[in-house]
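Me: I should like to understand how the terms used for a protein model are justified. Please set each value against its definition.

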Amino acid sequence: MAERDYLADEGLATAAFLALKMGRPLFLEGEAGVGKTELAKTLSAVLDAPLIRLQCYEGLDAAQALYDWDFARQLLHLKAAEAVGAGDVRALEGEIYDRRFLIARPLLRALEVQPAVLLVDEIDRADDEFEAFLLEVLSDFTISIPELGTIAAAAPPVVVVTSNRTREVHDALKRRCLYHWLEHPGFDREVAILLRRLPACTETLAAQVARAATRLREADLVKPPGIAETLDWAEALLTLGATDLNPDLAAASLGAVLKYREDQQFVLKNGLLRDA
């Protein structure tokens, strides 16, 4: 993973290794921006397998995650059959439910593509019903399509499930997975990440940004910055031509690291950037 510029600590690297070797989904929890989604992208690159992403949201149902029929193409096929005088109704019904008219959504694609990395992103945003359905799919990696039959994965995809913990995910799903909680990186690792991801960044600037980010995470903010925001901040500073971080420049570029007005006001009012 380090070769792909993802600097994982020993715990996360071990969890990912075990998930691959044991064929178990990897359930990642942690604050937004700590690298959960990025891990799935990195595994996709390391394994040279396509990343198939299912973004969860409230109201997501099985049809939107599994498959859908291409009704427009089916209708065109019926009209074309009528134009040439096709008279066998039973055969025509079989034709319109052929695999070529099926639109594969993320879960079905992950079973059909070999190999694949399936990212179920932010499962905590989905409803309980979808969570139960996902558990069923992850249990045997098969999908039943009434018109076509059962589709099973020749080899299970590598599965990464992420949660920002906006709600508790049921124990049944967690038991199916290997679990790892992602913390914000420590100072030394955050500096190393900044230097690896932003080659133009100096060690001085990386250390100053990482130190400032640590102070912001220790404050009582609505949304403390993750490593994603730290990278954005450092990149913004480099874009401004900065070689080090001073209070004025830190305040001017605060929108790159803090995305809530209340947080920005709190930081400026309490002088948290004074030592930047």
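Reply: Helices (H or I, at least four residues) and strands (E, at least two) are DSSP runs, numbered from the N terminus. The protein chain has 13 helices and nine strands. This is a predicted model, in which local features need pLDDT of at least 70 and side-chain atom pairs count only at pLDDT 80 or more, while totals for chains, interfaces and linings use all residues. Residues are numbered from 1 along each chain as its sequence is written, and side-chain values use heavy atoms, with hydrogens and water left out.

Me: Why is the protein chain called more spread out than a compact globule?

Reply: The radius of gyration is taken over C-alpha atoms, and the globule rule is 2.2 Å times the number of residues to the power 0.38. For 276 residues the rule gives 19 Å, whereas the radius of gyration of the protein chain is 24 Å, well over that value, so the chain is more spread out than a compact globule. Its C-alpha atoms fill a box of roughly 80 × 40 × 35 Å along the principal axes.

Me: What makes Ala251 partly exposed?

Reply: Buried means under 20% relative accessible area, exposed over 50%, and partly exposed in between (1.4 Å probe, protein chains only). Ala251 has a relative accessible area of 33%, and is therefore partly exposed. Ala251 lies in helix α12 (residues 247-252).

Me: Which residues does Ala251 touch, not counting residues up to four places away in sequence?

Reply: Contact means heavy atoms within 4.5 Å. On that basis, Ala251 touches Leu268 and Leu273.
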